[in-house]
Amino acid sequence: MQKETAVISVAAVARRAAASRTFIYSNPEAHTAVTTAMAAAHHDRDQATTAEASGREASWRERALNAEDALKAANAEILAQRTQIGELLGQVRDLEAEWTQESILRITTENTSLKQRVRKLTEDNRTLDERLKAARSNNRFQDRRIADLEAQLTEQT
């Protein structure tokens, strides 16, 4: 029964041996053998439980160590990112410091005047396109008129 890792009790041994429980309790050698086997099985179960608990504890310990390592890595990355953000903010402030209110106003004024100039040039371009279309239309009309006059002259002669 120990090799099979079966539960050892007086009743189980009596069933397996095809004997009565009374025989095991009344026979000192049989009772001692069953009691010893029960103690050994209990000891083996305790060792197995302890080993299993140790395995679980080791697993949790390993998980905790892995979590600590991941936390350290995350904190290091956060610190690096904060440092980089600080440097970039410093660069932005440096760039903003180069522009005075006067230069910003001047650039804004130039931008506005350039936009107005673009609008004016776009309008002039549209006007010139319309004039070109009208001139082409007049030219086609004049070409037809000249052709008609030439045809009349040819008929008269």
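## What covers helix α1

In this predicted model, the cover over the buried residues of α1 includes α2 (21-26) and α3. Helix α1 itself takes in residues 10-17, and its buried residues are Val10, Ala12, Val13 and Ala14.

Three of these names come back when we turn to the nonpolar cores. The largest nonpolar core has 8 residues, and Val10, Val13 and Ala14 are among them. The other members are Ile8, Ile24, Val34, Ala37 and Ala41. Within this core, at least two residues come from α1, and at least two come from α3.

Ile24 is a good place to look at this packing in the viewer. Setting aside neighbours within four places in sequence, Ile24 is in contact with Val10, Val13 and Ala14, and also with Ala30, His31 and Val34.

## The turn after α1

Where does the chain take a positive phi just after α1? The residue to look for is Ala18, with a phi of about 55 degrees. Ala18 has this positive value although it is not a glycine.

Ala18 sits in the loop between α1 and α2. Is Ala18 buried or exposed? With a relative accessible area of 71%, Ala18 counts as exposed, because the cut-off for that class is over 50%.

## Overall build

Stepping back to the whole chain, the protein has 4 helices and 0 strands. Read from the N terminus, its elements run α-α-α-α.

How does the radius of gyration compare with that of a compact globule of 157 residues? The protein has 53 Å, whereas such a globule would have a value near 15 Å. The C-alpha trace spans about 160 × 65 × 15 Å along its principal axes.

Burial and contacts can be read alongside those dimensions. Of the 157 residues in the protein, 7% are buried. Counting contacts between residues at least 6 apart in sequence, 31% join residues at least 24 apart. The accessible surface comes to about 13,800 Å², and carbon and sulfur atoms account for 56% of it.

## Two distances along the chain

Two C-alpha pairs help to give a feeling for scale. Asp69 and Gly90 are 21 residues apart in sequence, and their C-alpha atoms lie 32 Å apart in space. Asp69 belongs to helix α3 and is partly exposed, with a relative accessible area of 48%.

The second pair is Ala135 and Ala40, which are 95 residues apart along the chain. Their C-alpha atoms are separated by 118 Å. Ala135 is found in helix α4, where its relative accessibility of 41% makes it partly exposed.

## Salt bridges in helix α4

Side chains of opposite charge can pair when their charged atoms come close. How many salt bridges does the model contain? The count comes to 2.

One of them joins the side chains of Arg106 and Glu110, at 3.2 Å from N to O. Both residues lie in helix α4, and they are 4 residues apart, about one turn of the helix. Arg106 is partly exposed at 45% relative accessible area, and Glu110 is partly exposed at 39%.

The side chains of Lys120 and Asp124 also meet in a salt bridge, at 3.1 Å from N to O. Why are Lys120 and Asp124 about one helical turn apart? They are separated by about one turn because they are 4 residues apart in helix α4. Lys120 has a relative accessible area of 46% and is partly exposed. Asp124 is partly exposed as well, at 30% relative accessibility.

## A nonpolar patch on the surface

Which residues make a nonpolar surface patch of about 280 Å²? They are Trp99, Ile104 and Ile107. Trp99 lies in the loop between α3 (28-98) and α4 (101-156).

Trp99 has a relative accessible area of 48%, so it is partly exposed. That value also fits its place in the patch, because patches are made of residues with over 30% relative accessible area.

Conventions. Residues are numbered from 1 along each chain as its sequence is written. This is a predicted model: local features need pLDDT of at least 70, side-chain atom pairs count only at pLDDT 80 or more; totals for chains, interfaces and linings use all residues. Side-chain values use heavy atoms; hydrogens and water are left out. Patches are made of residues with over 30% relative accessible area and no salt bridge: like charges are joined within 9 Å, nonpolar side chains (Val, Leu, Ile, Met, Phe, Trp, Tyr) within 5 Å. Accessible areas come from the Shrake-Rupley method with a 1.4 Å probe; for residues, only the protein chains shown count as cover. A salt bridge is a side-chain nitrogen of Lys or Arg within 4 Å of a carboxyl oxygen of Asp or Glu. Buried means under 20% relative accessible area, exposed over 50%, partly exposed in between (1.4 Å probe, protein chains only). Contact means heavy atoms within 4.5 Å. The radius of gyration is taken over C-alpha atoms; the globule rule is 2.2 Å times the number of residues to the power 0.38. A nonpolar core is a set of buried Ala, Val, Leu, Ile, Met, Phe, Trp, Tyr and Cys residues joined through side-chain atoms within 4.5 Å.
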